[in-house]
Amino acid sequence: MQATEQSGRAMYWGTGRRKSAVARVRLVPGSGQITVNKRPGDLYFQFNAAYLSLVKAPLETLGLENDYDVLVNAHGGGLTGQSDAVRLGVARALCQLDPENRKLLKVEGYLTRDPRAKERKKYGLHKARKAPQYSKR
């Protein structure tokens, strides 16, 4: 997570993870467009508007929603995991932009990585915890 200078424009990186989803996020000065996997954010998260509002939340908290373009490479998991991963990546990139942002984002809970993930299947069980039906005889 390091800020880079490319063609005269500052670029801020952040990586977010949730469940099995990983999102690599770049913040570039711009007009507030969100691009996920080379598609507009509203098309990528078209099934639920809440996903897009999750992604924008850290920017709106700081009042920067129209100042930076968000470029995202996301893979793994589903839309819920990916949108949460993008939110974490955006928040981490904003901390890189200005260390003063960290306090505000931390209070809102945007810098907390959600550790919940799928539990592995154990031998002798059908799923992680589902046991075969008990038979007395």
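Author: Buried means under 20% relative accessible area, exposed over 50%, and partly exposed in between, with a 1.4 Å probe and protein chains only. The model here is predicted, so local features need pLDDT of at least 70, side-chain atom pairs count only at pLDDT 80 or more, and totals for chains, interfaces and linings use all residues. Residues are numbered from 1 along each chain as its sequence is written, and side-chain values use heavy atoms, leaving out hydrogens and water.

Reader: Fine, so why is Ser83 called buried?

Author: Its relative accessible area is 0%, and the cut-off is under 20%, so Ser83 is buried. Ser83 sits in helix α3 and touches Phe45, Tyr51, Leu54 and Val55, leaving aside residues up to four places away in sequence. Contact here means heavy atoms within 4.5 Å.

Reader: And what makes Asp69 buried?

Author: Asp69 comes in at 15%, which is under 20%, so the label is buried again. You'll find Asp69 in strand β6 (residues 68–75).

Reader: How do you know that the side chain of Asp69 makes a polar contact with the backbone nitrogen of Gln33?

Author: A polar contact is a pair of N or O atoms within 3.5 Å; within protein, one must be able to donate a hydrogen and the other to accept it, and residues adjacent in sequence count only if both atoms are side-chain atoms. The Asp69 side chain reaches that nitrogen at 2.9 Å, so the distance fits. The backbone nitrogen of Gly32 lies 3.0 Å from a polar atom of the Asp69 side chain.

Reader: On to the helices: why is α3 called roughly antiparallel to α4?

Author: The axes of α3 (residues 79–97) and α4 (residues 101–108) come within 8 Å and cross at roughly 155 degrees. Angles under 35 degrees count as roughly parallel, over 145 as roughly antiparallel, 65 to 115 as roughly perpendicular and the rest as oblique. With 155 over 145, α3 is therefore roughly antiparallel to α4. Ala91, Leu94, Cys95 and Leu97 of α3 meet Asn101, Arg102 and Leu105 of α4.

Reader: Then what makes α2 oblique to α4?

Author: The axes of α2 (residues 49–62) and α4 come within 10 Å and cross at roughly 130 degrees. That value falls in none of the named ranges, so α2 is oblique to α4. On the α2 side, Pro58, Thr61 and Leu62 make the contact, and on the α4 side Asn101, Leu104, Leu105 and Glu108.

Notes: Axes are lines fitted to C-alpha atoms, for helices over the stretch in contact, and angles run from 0 to 180 degrees between N-to-C directions. Helices (H or I, at least four residues) and strands (E, at least two) are DSSP runs, numbered from the N terminus.
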